[in-house]
Amino acid sequence: MRPLEDYLVIDFSQFLSGPSASLRLADMGARVIKIERLGVGDICRTLYTSNLIMNGESSVFHAINRNKESFEVDLKSEEDCEMVRELLKKADVMIHNFRPGVMERLGFDYPAVSALNPAIVYGEISGYGTNGEWKNKPGQDLLLQSVTGLTSLTGNADSGPVAMGLSIVDMLAGAHLAQGILACLYRKAVKNEGGFVQVSMMESAYDFQFETITTFMNDGGSLPERSKQNNANAYLGAPYGIYQTENGYLALAMGSIPQLGNLLGCEQLEEYIEVSEAFDKRDEIKGILASHLLTQTTEKWLSKLEPADIWCSDVLNWNALMAHDGFKVLNMIQEVQMIDGYRYETTRCPIRIDGELLTSPKGSPKLGQDNEKIIKEFITHTTVNA
């Protein structure tokens, strides 16, 4: 059995942050029932993040909602709300990521739900917290990256703010919510007590920067300075960065500049013997290194650096990565199937428990596909329209 077998999660959330938390719980064995709006469902079903439509819906919906059930309801209908309340009475966990005030208006805020089920673990994600003048701003990933300083850390010094190429704040908030829920589930198992777990995307974005923010707060308020070229971390000196070679790219982490110069056959680099120069003369060193690395292939440089235990790597795209034995051995890809027979490949849970991979063949749900089963199983005394 998986650790969360027999746990029931009622998930009102949509988009990415909340569903990423319930996906992780589902991977660990929990039964996750998505509460979806009548006729529309999770907005992510039609929020296309690329021009790829899979089985009539968004690829991101299929990626993040596999292994779940769909219960389609009209939360403006008292009859449907009563069915949801019946589910919540039997649930171990409830999740939502609506803006502050929405669940209160619907009657599914924490006080209302805990009155129905005192032992429930109630988890919520907001964009900016539940207080203050920003609380009603849209909790969208790019906006949170921009307002929390994340965009000032990526890219070169003259490139302006640069966003990450992933919805990183959504994923971090989802991970933090899952962590809080798991902690409360442990307490529930020991003491039979419920709990109220609150996460904001803004706080998750700040926590993500704990190293850099700590440095900033203890450095007289001096803002981080990205290097002018090959920047990969504003607080790390040369050679830290990604460099173009004769036929591709090479990533270099921290290391001795003179040792690097000796291994690469670059006499100019051997002159930088003071450790402080790696930062004080960062752009100067990186310029020399960038020019020198263009003269040979990535494979040639790796053959010199890897035997000397220099922290370096090839830079791969997804085609090259997935063809590599280092990727294949992990079995990171699984095939799942929807109720209508549609099959697609996606990633598996990255966690192993007792040496076992956490995989499931169950794909994402069609809108409302589980209504009949859920009503029959859970709604024992509610009149339902045909």
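**Close-ups of a predicted model**

**View 1. Asp80 and its contacts in the predicted model.** Skip the neighbours within four places in sequence, and Asp80 is in contact with Val73 and Asp74. Asp80 itself sits in helix α3, which runs over residues 78-90. Here's the odd bit: Asp80 is buried yet makes no salt bridge. Look for the nearest side chain of opposite charge and you land on Arg85, 10 Å away. That leaves Asp80 without a salt bridge because the pairing needs a side-chain nitrogen within 4 Å of a carboxyl oxygen.

**View 2. The largest nonpolar core, with its 31 residues.** Leu177 and Ile181 have the most contacts inside this core. Six elements each chip in at least two residues: α1 (17-27), β6 (93-96), β7 (121-126), α7 (168-191), β8 (195-200) and α8 (201-208). Helix α7 gives the largest share, nine residues.

**View 3. Zooming in on Ile181.** Not counting residues up to four places away in sequence, Ile181 touches Leu25, Val93, Ile95, Val121 and Val197.

**View 4. Helix α7 end to end, and what follows.** How far apart are the end C-alpha atoms of α7? They are 35 Å apart, and this agrees with the 34 Å that its 24 residues should span, because the expected figure takes 1.5 Å a residue. Just after α7 comes Asn192, with a positive phi of about 60 degrees.

**View 5. Another core, apart from the largest one.** This one has 24 residues, and among them are Leu8, Ile33, Ile374 and Phe378.

How values were computed:
Residues are numbered from 1 along each chain as its sequence is written. This is a predicted model: local features need pLDDT of at least 70, side-chain atom pairs count only at pLDDT 80 or more; totals for chains, interfaces and linings use all residues. Side-chain values use heavy atoms; hydrogens and water are left out. Helices (H or I, at least four residues) and strands (E, at least two) are DSSP runs, numbered from the N terminus. Buried means under 20% relative accessible area, exposed over 50%, partly exposed in between (1.4 Å probe, protein chains only). Lys and Arg count as positive and Asp and Glu as negative; His and the chain ends are not counted. Contact means heavy atoms within 4.5 Å. A nonpolar core is a set of buried Ala, Val, Leu, Ile, Met, Phe, Trp, Tyr and Cys residues joined through side-chain atoms within 4.5 Å. The expected span of a helix is 1.5 Å times one less than its number of residues.
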